[in-house]
Number of protein chains: 4
Amino acid sequence: MCEIPAVPTYERIRIRYGETDQMGHAYYGNYALWLEQARGTWCRERGFTYKSLEEQGVYLPCVELHVRYKGEVRYDDWISVEITLGEIRRASMRFDYKIINETLGKLTTEGYTWHVTMNGETRKAMSVPPFVRDMLLRDPNVTATAE
Amino acid sequence: MCEIPAVPTYERIRIRYGETDQMGHAYYGNYALWLEQARGTWCRERGFTYKSLEEQGVYLPCVELHVRYKGEVRYDDWISVEITLGEIRRASMRFDYKIINETLGKLTTEGYTWHVTMNGETRKAMSVPPFVRDMLLRDPNVTATAE
Amino acid sequence: MCEIPAVPTYERIRIRYGETDQMGHAYYGNYALWLEQARGTWCRERGFTYKSLEEQGVYLPCVELHVRYKGEVRYDDWISVEITLGEIRRASMRFDYKIINETLGKLTTEGYTWHVTMNGETRKAMSVPPFVRDMLLRDPNVTATAE
Amino acid sequence: MCEIPAVPTYERIRIRYGETDQMGHAYYGNYALWLEQARGTWCRERGFTYKSLEEQGVYLPCVELHVRYKGEVRYDDWISVEITLGEIRRASMRFDYKIINETLGKLTTEGYTWHVTMNGETRKAMSVPPFVRDMLLRDPNVTATAE
């Protein structure tokens, strides 16, 4: 069992008008975009980009999404997405998320996503390659952030 | 305990180009739009529209979303969303979904959403109003479909 | 100069909740999705699919978009997108659109899009291949609709 | 005729994965979200927020959108949206945009949007209220930025 450095990454996002719906809240499907953006920053803080992973033939499609909406997120609110890597298995990994609505000063959302490692050419699932596992387990405090 | 007529509703949707991402699949956040569209049709088959509910001051914001992505959905694929009402509680309800990719002939997605009843004016949660409960429990086979 | 059969194609679409914004209208960027869906149907009525074009290495990226929003489109409205091929040049083509809000019985939107033919492998612009030009000029009244 | 301070505002945005499509580019409809985000920042640099305008009953729905796509925008690219107020009329205004793909170092997009002033209660068009006109004509170099 590998131990995962429990270092969260934070991504601040301002809500767009087009992300709201007629109820006046952010539409529930748009949260997926913010979780994805947070994953991008999570990688970057560990010295690599998700884009570079794909260029090396490793894709991380999402196979499970869970979101609990506990409070409101509205247009022009600032949210902060706290993301941590919760678990790595042989061929998959889970990210955990907490969204703080900074404008309201409240935790508004919790969730997680599971991702599998997919070979970009064969489009088949594969084990997490060792070089990817190493990057995922990096401590951002001792790694240079990618651009 | 009320018994829910276990009559599923089916909504067929063709995947848009703008719903794909560079991986060549439908983006994982866009499924929320299809589940929502299926809920609209579910209501309609029971003789009312979600729009009319809001006009009567009853909103059904989603408070929990769960999706398991088991197979691919691609541009121009036809999917069929099977939706059933799984549970009604005092102030909330759960819908269950299965997405069949008709183009591939495979079950590709499973999920559920929890919704609370919200008073449109006070923006507070409230018990499911009796007239709403009655509509939710209608058997579509003995109810005229709404336009 | 080739003459284009001035046969419009119509695509009916019901507006999704997630396509609205807090103003209560459909968000102005989402119209692009409906124009795209109409283009897909336009191809289909001429016996081919845009998907099959891409599989043959011919992409039609949009290089210009113009939309005039003259009236409202709201959640659950039915719209009908009327699309015609307005012009074909050596390496590009223009589609023209009119959106009728059927729920209101009013013309609500007008617009056009220009597309270039792009070689899918080299990612370079190219002349409209003759087999594509032939398909674009088909009269849907004498062509079987693609699935 | 009023003279508009020709001071551009710049908004930097990193492209999300969910904003791409299977062609590997950003989907043409998603640019509308970036233009909107730039408008929000444009207001903020002039000491007010679009949100506060709506709270005061003044809405600025888009009535015309024009976009010319001249180059590529891809996942993880940084773009910079340059926005200027091009014209104010009695009851409408035009914003002009240039998008620089910073990752490529190239101008990739040009466009404009027309907006009318709408009374939030009556939902009717109205003249640009004097207090709004004053704010629109502010010079950001002599105005404190809104939060």
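**How the chains meet**

The contact takes twelve residues from chain C and twelve residues from chain B.

Tutor: This is a predicted model, where local features need pLDDT of at least 70, side-chain atom pairs count only at pLDDT 80 or more, and totals for chains, interfaces and linings use all residues. Residues are numbered from 1 along each chain as its sequence is written, while chains are lettered from A and ligands numbered from 1 in the order in which they are written.

Student: What makes two residues count as in contact?

Tutor: Their C-beta atoms, placed from the backbone, must lie within 7 Å. Twelve residues of chain C and twelve residues of chain B take part.

Student: Which helix gives the most to the side of chain C that touches chain B?

Tutor: Helix H1 (residues 31–45) of chain C, with five residues. A helix here is a DSSP run of H or I, at least four residues, numbered from the N terminus.

Student: Why is the relation of chain C to chain B called that of a two-fold axis?

Tutor: Look at the superposition, made by least squares on the C-alpha atoms of residues with pLDDT of at least 70 in both copies. A rotation of 180° with 0.0 Å of shift along its axis puts chain C on chain B, RMSD 0.0 Å. Therefore the relation is that of a two-fold axis. In chain C, Ile13(C) has the C-alpha nearest the axis, 5.3 Å from it.

Student: How do you know that the copies C and B meet through the same surface?

Tutor: 100% of the interface residues of chain C are also interface residues in chain B, so the surface is the same.

How values were computed:
Helix = DSSP H or I, 4+ residues; strand = E, 2+ residues; numbered from the N terminus.
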